[in-house]
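Colleague: I should like to discuss the pockets and the ligand surroundings of this entry. Please take me through them step by step.

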Amino acid sequence: MSREKIDLYETAVTETLNQHASVRAFIDKPVPDEMLNAILNAARRSPTSSNMQTYSIIVVRSPETRRKLAELAGNQDHIEQCDLFIGFLADLNRLGIASEMHGQPLAKSLESTLVATVDAALVGMSVQTAAESFGLGAVMIGGMRNHPQEVADLLGFSPGVYMVFGMSMGWPQEELGAKPLKPRLPESLVIHHEQYSQDDPRPLIEAYDADLAAFYGQRNQHTAAWSGPIAKRLQKPSRPHLRRALEVMGFHFD
Ligand SMILES: Cc1cc2nc3c(=O)[nH]c(=O)nc-3n(C[C@H](O)[C@H](O)[C@H](O)COP(=O)(O)O)c2cc1C
């Protein structure tokens, strides 16, 4: 596509999305409260399944709590080193109380677990995009699901609440826009038109492996390319404890 065409279809939002990169290194400068409020309140406009709003957001600034969260996430230092940590919670607790107010039990199901998880993810993505539009850096932290009960205990969650993922946020050491962007899978592998493509994806996966290896090579990171590490990682189910832990915390899977 020509540069003119790209410009024609570029807005402030697509520009922000087009320069997204996860940030794990921050400078020691606080995020103003008013800026954080603007980000969180814009994100609260996110779509939500049937307007049920089955999510909550928790902001953690306490260094001691963040130290413990970093440990629970597998020693992810950026949780301690960022300016603030935000957790995105699937929250069926509030819905249960609303139901109780009308003398009704809340029937939980796989669907309510998914609805709450998707709602939390959508608001989390909006927070990341809004933050990046201010020049802030952030990274999502799925490592919060390593020890979901411990995270819930540490932050005082009610039953029916779990952290889907967290986010480290602050002013980036390397300005967004200057930071090299991690390549994505080729467009034709992920965007289908009308029918799911039955073309052999292998040549494009190999091309992407080469792309990603070059990206890591430029940054002197000796990380292998895409398909190999993914295959290795997914030989066994990841976080096999998760279903049982979330059931104990009040989520259903049937
Ligand atoms: C739900 C979710 C969980 C993630 N969890 C982690 C994490 O625990 N630690 C981390 O360093 N990055 C985490 N990431 C960031 C991804 O590794 C990153 O988005 C991906 O490698 C693509 O790189 P980019 O965002 O810089 O383009 C997570 C991303 C998502 C969407």
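Modeller: Domain 1 (3-182) and domain 2 (183-237) both contribute residues to the lining of the largest pocket, so this pocket lies between them. The model is a predicted one.

Colleague: What is the volume of the largest pocket?

Modeller: The lining of this pocket comprises 37 residues. Among those nearest its centre are Lys-182 and Arg-184. The volume of the largest pocket is about 1100 Å³.

Colleague: Which helix supplies the largest share of the lining of the largest pocket?

Modeller: Helix 2 (12-18), strand 3 (137-141), helix 10 (202-218) and helix 11 (227-233) each provide at least two residues of that lining. The largest share amounts to 4 residues, and the element that gives it is helix 10.

Colleague: How many residues in the lining of the largest pocket are nonpolar?

Modeller: Sorted by class, the lining has 7 charged and 10 polar residues. The nonpolar residues in the lining of the largest pocket number 20.

Colleague: Let us turn to the ligand. How many residues surround the ligand?

Modeller: The closest residues are His-20, Ser-22, Arg-24, Gly-142 and Lys-182. Of the residues nearest the centre of the largest pocket, Ser-22, Arg-24 and Lys-182 are also named there. The residues that surround the ligand number 13.

Colleague: What share of the accessible area of the ligand does the protein cover?

Modeller: A polar side-chain atom of His-20 is 2.6 Å from a ligand oxygen atom, and an N or O atom in the side chain of Ser-22 is likewise 2.6 Å from an oxygen atom of the ligand. For Arg-184, a polar side-chain atom lies 2.9 Å from an oxygen atom of the ligand. On its own the ligand has 620 Å² of accessible area, and the share covered by the protein is 66%.

Colleague: What is the volume of the second largest pocket?

Modeller: Gly-143, Arg-145, Arg-233, Leu-234, Ser-238, Arg-239 and Leu-242 form its lining. By class, these divide into 3 charged, 2 polar and 2 nonpolar residues. The volume of the second largest pocket is about 260 Å³.

Technical notes: Residues numbered from 1 in each chain as written. Predicted model: local features only at pLDDT ≥ 70, side-chain atom pairs only at ≥ 80, totals over all residues. Heavy atoms only, no water. 1 Å grid on protein atoms, 1.4 Å probe; cavity = no way out; pocket = protein on both sides within 12 Å on 5 of 7 lines; lining within 4 Å. Points joined across faces, edges and corners; volume = space filled by probe spheres on them. Nonpolar A, V, L, I, M, F, W, Y, C, P; charged D, E, K, R; others polar. Domains from an automatic or database assignment. Near = heavy atom within 4 Å. Polar contact = N/O pair within 3.5 Å; in protein donor to acceptor, adjacent residues only side chain to side chain. Areas by Shrake-Rupley, 256 points an atom, 1.4 Å probe, with all protein chains shown as cover.
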